[in-house]
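This report is written for a reader who is meeting the structure for the first time. Please look over the sequence and the fold before reading on.

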Amino acid sequence: MIVWLNGASGAGKSTAARHLLDLLPGSTLYDPELVGSELRLLLPAARLEQVGDYQDLPSWRRLVVDTAAALLNEVPGPLVTPMPLLRQEYRDEIFGGLASRRVPVRHVLLHAEETILRERADRRAGRAGGAPADAAAQGRCRAHLEAYEDALGWLKQDAHVIDTARLTPRETAERIAEAVHAGAGACDIVQTPEPTAETLAAGVLLFDDADRVLLVDPTYKPGWEFPGGVVEPGEPPARAGLREVTEELGIRLHSAPRLLVLDWEPPKPPGFGGLRMLFDGGRLAGEQIRDLLLPGPELRDWRFATEAEAADMLPPVRWNRLRWALRARERGRPLNLEAGVPVG
């Protein structure tokens with residue numbers, strides 16, 4: 001298990017984590033910042049200049065998951081991880097990766113009001129007590145606090161919140177230990193095993209009366225997606241798409257959906273690639289839209305989007321696949337793609 005202590009700079013994560021080690025038998029401190037420090041030494045300067053923070057590196061997010069899984073093979077656990085994680089798509093990627101490795105997460109948010117956090121940030125920057133301020137450090141702290149305020153909406157829904165304003169570090173750790181023992185902060189994310197070979201996946205495009213396409217927001221990976229999933233062994237792809245639509249959204253489609261695109265996705269480490277199929281599920285009636293259901297551990301949200309809106313919501317590979325699927329729907333014939341490019 002991982003006890004992930006989230007929060008802004010100055011919330012007391014690191015100090016509370018050290019006290020927490022005394023309260024959770026067998027626990028080990030796991031600081032993903034060390035992974036970022038090593039990547040700074042390993043990656044070329046030109047690559048590092050392309051990102052504002054090491055958390056923006058896909059390699060960091062994957063290594064955080066891989067390292068945690070490796071550590072839990074060496075120590076009894078839990079791992080205590082004091083690390084701000086303020087971008088929801090990064091939380092999805094990391095916690096989803098941990099779920100796929102059957103590593104439970106307890107997500108705890110250490111919170112304090114903005115005035116308190118700013119006061120602590122100023123002390124860190126050297127302004128308190130008449131000392132000269134470190135302008136660069138102040139700027140970084142200010143930007144971090146702004147990012148934290150922007151993230152509070154989803155953080156408070158996702159994590160167990162502990163207000164640290166009037167707590168000592170030891171008292172904060174005691175509150176965390178009590179929450180962990182009570183099962184608070186458990187992230188009930190769907191456990192999708194990572195593929196070990198090429199996969200076949202079937203997605204279904206569903207439309208409203210304005211021909212906007214239905215997109216869903218998974219909890220376990222970044223970016224919006226089409227309803228659908230991996231085809232099980234021996235399962236017809238179109239039937240797999242129907243099954244996934246029913247499981248994910250509670251919608252039963254009574255006729256086999258029409259194939260729009262077949263796209264061969266090349267392997268790109270750490271992924272294995274495979275075949276991706278998109279089917280036309282047709283237009284949904286008003287009552288079907290009204291009765292849409294979302295399984296909490298798997299999907300966070302849904303919305304209908306125009307083609308232009310989808311371009312800003314979908315990762316590039318999925319957007320390109322959708323673009324060609326919509327062209328195939330207009331032309332009335334399926335398209336064969338290789339790496340997102342029509343062939344034949």
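## Overall build

The protein contains 12 helices and 13 strands, and the model described here is a predicted one. Its C-alpha trace spans about 70 × 45 × 40 Å along the principal axes, and of its 344 residues 45% count as buried.

Among the contacts in the protein with a separation of 6 or more, 75% are made by residues that lie 24 or more positions apart.

## The open parallel sheet

Five strands need to be placed in order here. An open sheet is formed by 5 strands in the order β2-β3-β1-β4-β5, and the pairing is parallel. The edge strands are β2, residues 28–29, and β5, residues 160–163, each of which pairs on one side only.

Within this sheet, strand β1, which covers residues 2–6, pairs with β3 in the parallel sense over 4 bridges, and I2 stands opposite L79 in β3. Just before β3, in the loop between α4 (58–71) and β3 (79–82), lies P78. The peptide bond that leads from G77 to P78 is cis, with omega near 5 degrees. As background to that value, most peptide bonds are trans.

## The second largest pocket

The second largest pocket holds about 940 Å³ of space. Its lining is made up of 30 residues, and those that lie nearest its centre are S9, D53, Y54, P84 and H144. The elements that give two or more residues to this lining are α1 (13–23), α2 (33–42) and α7 (135–158), and α7 gives the most, with 6 residues.

Sorted by class, the lining of the second largest pocket has 13 nonpolar, 8 polar and 9 charged residues.

## The annotated domain

According to the UniProt annotation in an unreviewed entry, residues 197–327 are covered by "domain: Nudix hydrolase". In the model, the span of residues 197–327 is 28% helix and 33% strand, and its end C-alpha atoms lie 30 Å apart.

## Strand β6 and its partners

How far is strand β6 enclosed by the rest of the structure? Of the 9 residues of this strand, which covers residues 199–207, 7 are buried, so β6 is largely enclosed by the rest of the structure. Strand β6 pairs with strand β10 (residues 274–283) in the parallel sense over 8 bridges, whereas its pairing with strand β8 (residues 228–230) is antiparallel and runs over 3 bridges. A201 has bridge partners in both of these strands, namely R276 in β10 and V230 in β8. In general, the strands of a sheet pair through backbone hydrogen bonds, either parallel or antiparallel.

V230 also appears in the surroundings of E244, a residue found in helix α9, which covers residues 237–249. Not counting residues up to four places away in sequence, E244 touches G228, G229, V230 and L249. With a relative accessible area of 9%, which is under the 20% cut-off, E244 counts as buried.

## Two residues with positive phi

Two loop residues can be described together by their backbone angle. As a general background, most residues other than glycine have a negative phi. R102, in the loop between α5 (88–100) and β4 (105–111), has a phi near 60 degrees, a positive value in a residue other than glycine. A339, in the loop between β12 (335–338) and β13 (341–342), has a phi near 55 degrees, which is likewise a positive value in a residue other than glycine.

Are these residues buried, partly exposed or exposed? R102 counts as partly exposed, at 46% relative accessibility, and A339 is partly exposed as well, with a relative accessible area of 46%. A339 and W264 are 75 residues apart in sequence, yet they are 5.6 Å apart in space, C-alpha to C-alpha. Leaving aside the neighbours within four places in sequence, A339 is in contact with D263, W264 and P266.

How values were computed:
Residues numbered from 1 in each chain as written. Predicted model: local features only at pLDDT ≥ 70, side-chain atom pairs only at ≥ 80, totals over all residues. Heavy atoms only, no water. UniProt positions renumbered as here; feature names shortened; annotations may be inferred. 1 Å grid on protein atoms, 1.4 Å probe; cavity = no way out; pocket = protein on both sides within 12 Å on 5 of 7 lines; lining within 4 Å. Points joined across faces, edges and corners; volume = space filled by probe spheres on them. Nonpolar A, V, L, I, M, F, W, Y, C, P; charged D, E, K, R; others polar. Buried < 20%, exposed > 50% of the residue type's maximum accessible area, 1.4 Å probe, protein only. Pairing = 2+ DSSP bridges. Contact = heavy atoms within 4.5 Å.
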